[in-house]
Amino acid sequence: MAYLMALDQGTSSCRAIIFDEQAQIKALAQREIDIQTPQSGWVEQDANQIWQTQIAVMQQALAKANLYAKDIAAIGLTNQRETTVLWDKRTGEPVLPAIVWQDRRASEWCQQLKEQGLEEKIQQKTGLRLDPYFSAGKLVWALQHHAEIKALADRGHLAFGTIDSWLIWKLSAGERHVIEVSNASRTLLMNLATQQWDDELLELFAIPKSILPEIVLSQGVITHTATDLLASKIPIAGVLGDQQAALFGQGCFSEGMAKNTYGTGCFMLMNTGQDIQYSQYQLLSTLAWQTPQHNYFALEGSVFMAGAIVQWLRDNLGIIRRSEDIERLANQVDDNGGVTMVPAFTGLAAPHWDSDARALICGLSRGSNKSHIARAALESIAFQVYDVLDAMQKDSPHALTELRVDGGASQNNMLMQFQADLLGVPVLRPKLLESTAWGAAMMAGLAVNYFNSEKELADLWQLDRCFEPSMSQDERQARLQQWHLAVKRTRLQG
């Protein structure tokens, strides 16, 4: 029997998951990776650690499943998006720490472009906002601040890529320097309409085209793993940025279907079909996936801080010992006691796009305790998702009738119920929470005829629990008014 392996390279860990054709997990291996914050607004990782950890979990998953590499029909890869890696093509060694998607060091560069009146042109070409979140600013910063890196680029020795590019380079022993198209759509360098690098933007940003990878389809055999890695060549046949992979993995194949992933950040995507839907309400237009037959596009709203809020409560405030303790602590009180948290630790993303905003906890009284703060922290995740969906509904001709959810925090029943209450639509949690990894595996499986059709895959989606909205309209509006007042205060202090 053949299996599929998904490589899920996230912000906080590397994972390898082996699936069978019924979406059952045969084996899972996971290891955390380090994040460094060397100064305010900077977020970095060691690209070599990412690679070494990823290959280690691949080997560990095979061992757990008692399988050999030859038993794997194909590899699907999904990755944290926008995180930027620069390496020397001759040695395959990084020339700088990986600059993580949360990093804000390109804020000044973005502001300069806005002041030049270029934001509208850039958004029309790329579907994206001018924000340090995206890869281009990170790349420009590296070229401007490191003469040796600029010299490498000028001599044609520098390679740029997102995490998929880096892992495919390493997995193929340098055979392919590529970037999958949904990841390329997050760089601020790809023309969304043509799915090619935009020469005008490259000239505007002073980025040499020689350092860029080749843009490839989401579905199709890109390359094979080097023989000496796993003792057998395995086709790498499906690649997607993590949020697009979750949309695919949730079976959102039809126009108007949407999912929200509760990970380190929070990401809502709605399938807009084969036409680009440009946002009028501060959302992003992005490529969902590209097969040999079709392009699919999506509207996206990003929230920078979701699960990361729980990590902050654990690691910085110490009010919980384990992340999973947050729900129990929050349930010790009936409500938030008037406490509201706006977790703008790295600015506010959609629909505000305010990189200067800073986090705020307001409404504290002498009676406030850590349970109120825990509840306010969980509620802040749902409030941010509401703001995104509100904008998405204004942009899209399709009324949302349900929201499919995944990611670690989707296991929190209190949060999911509050989310349904705020949105006023059912929140559906599937039995398989590994939507991101499963989406990458599905894409690879289609490429090598392991699966026959999307219809076959849609039938594998199974519901675990449906959270029905129960909050009154008056209470919902009162809670939202309290939240939006806190957001206004947050932006004023930024």
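User: Which residue in strand 2 does Q9 stand opposite?

Analyst: That one is C14. Keep in mind that this is a predicted model.

User: What makes strand 1 and strand 2 a pair?

Analyst: Bridges do. Two strands pair if DSSP finds at least two bridges between them, and strand 1 (residues 3-9) and strand 2 have six, in the antiparallel sense. So by that rule they count as paired. A hairpin of three residues takes the chain from strand 1 to strand 2.

User: How do you know that strand 2 pairs with strand 3 too?

Analyst: Same kind of check: the cut-off is at least two bridges, and seven bridges join strand 2 to strand 3 (residues 25-32), so the two are paired, running antiparallel. Along that pairing, F19 sits opposite I25 of strand 3. The hairpin here has five residues between the strands, and A23 in this hairpin has a positive phi near 65 degrees.

User: Why is strand 2 called mostly covered?

Analyst: A residue is buried if its relative accessible area is under 20%. In strand 2 (residues 13-19), seven of the seven residues are buried.

User: What makes both faces of strand 2 covered?

Analyst: In a regular strand, side chains alternate between the two faces of the sheet. On one side of strand 2 you find S13, R15, I17 and F19, on the other C14, A16 and I18, and all of them are buried.

User: Now the helices. Why is helix 4 called roughly perpendicular to helix 5?

Analyst: Look at the angle: the axes of helix 4 (residues 135-145) and helix 5 (residues 147-154) cross at roughly 105 degrees, coming within 5 Å. Roughly perpendicular covers 65 to 115 degrees, so helix 4 and helix 5 get that label. Helix 4 brings A142, L143 and H145 to the contact, and helix 5 brings A147, I149, K150 and A153. Those residues split into five nonpolar, one polar and one charged.

User: And why is helix 11 called roughly antiparallel to helix 13?

Analyst: Here the axes of helix 11 (residues 307-317) and helix 13 (residues 370-395) cross at roughly 160 degrees and come within 9 Å. Anything over 145 counts as roughly antiparallel, so the name fits helix 11 and helix 13. Their crossing is right-handed.

User: Which residues of helix 11 meet helix 13?

Analyst: I309, V310 and L313 do, and on the helix 13 side they meet I373, A374, A377, L378, S380, I381 and Q384. The tally for this contact of helix 11 with helix 13 is eight nonpolar, two polar and no charged.

Definitions and conventions. Residues are numbered from 1 along each chain as its sequence is written. This is a predicted model: local features need pLDDT of at least 70, side-chain atom pairs count only at pLDDT 80 or more; totals for chains, interfaces and linings use all residues. Side-chain values use heavy atoms; hydrogens and water are left out. Axes are lines fitted to C-alpha atoms, for helices over the stretch in contact, and angles run from 0 to 180 degrees between N-to-C directions. Helices (H or I, at least four residues) and strands (E, at least two) are DSSP runs, numbered from the N terminus. Angles under 35 degrees count as roughly parallel, over 145 as roughly antiparallel, 65 to 115 as roughly perpendicular and the rest as oblique. Contact means heavy atoms within 4.5 Å. Ala, Val, Leu, Ile, Met, Phe, Trp, Tyr, Cys and Pro count as nonpolar, Asp, Glu, Lys and Arg as charged, and the others, Gly among them, as polar. Buried means under 20% relative accessible area, exposed over 50%, partly exposed in between (1.4 Å probe, protein chains only). A crossing is left-handed if the near helix is turned anticlockwise from the far one by less than a right angle, and right-handed if clockwise.
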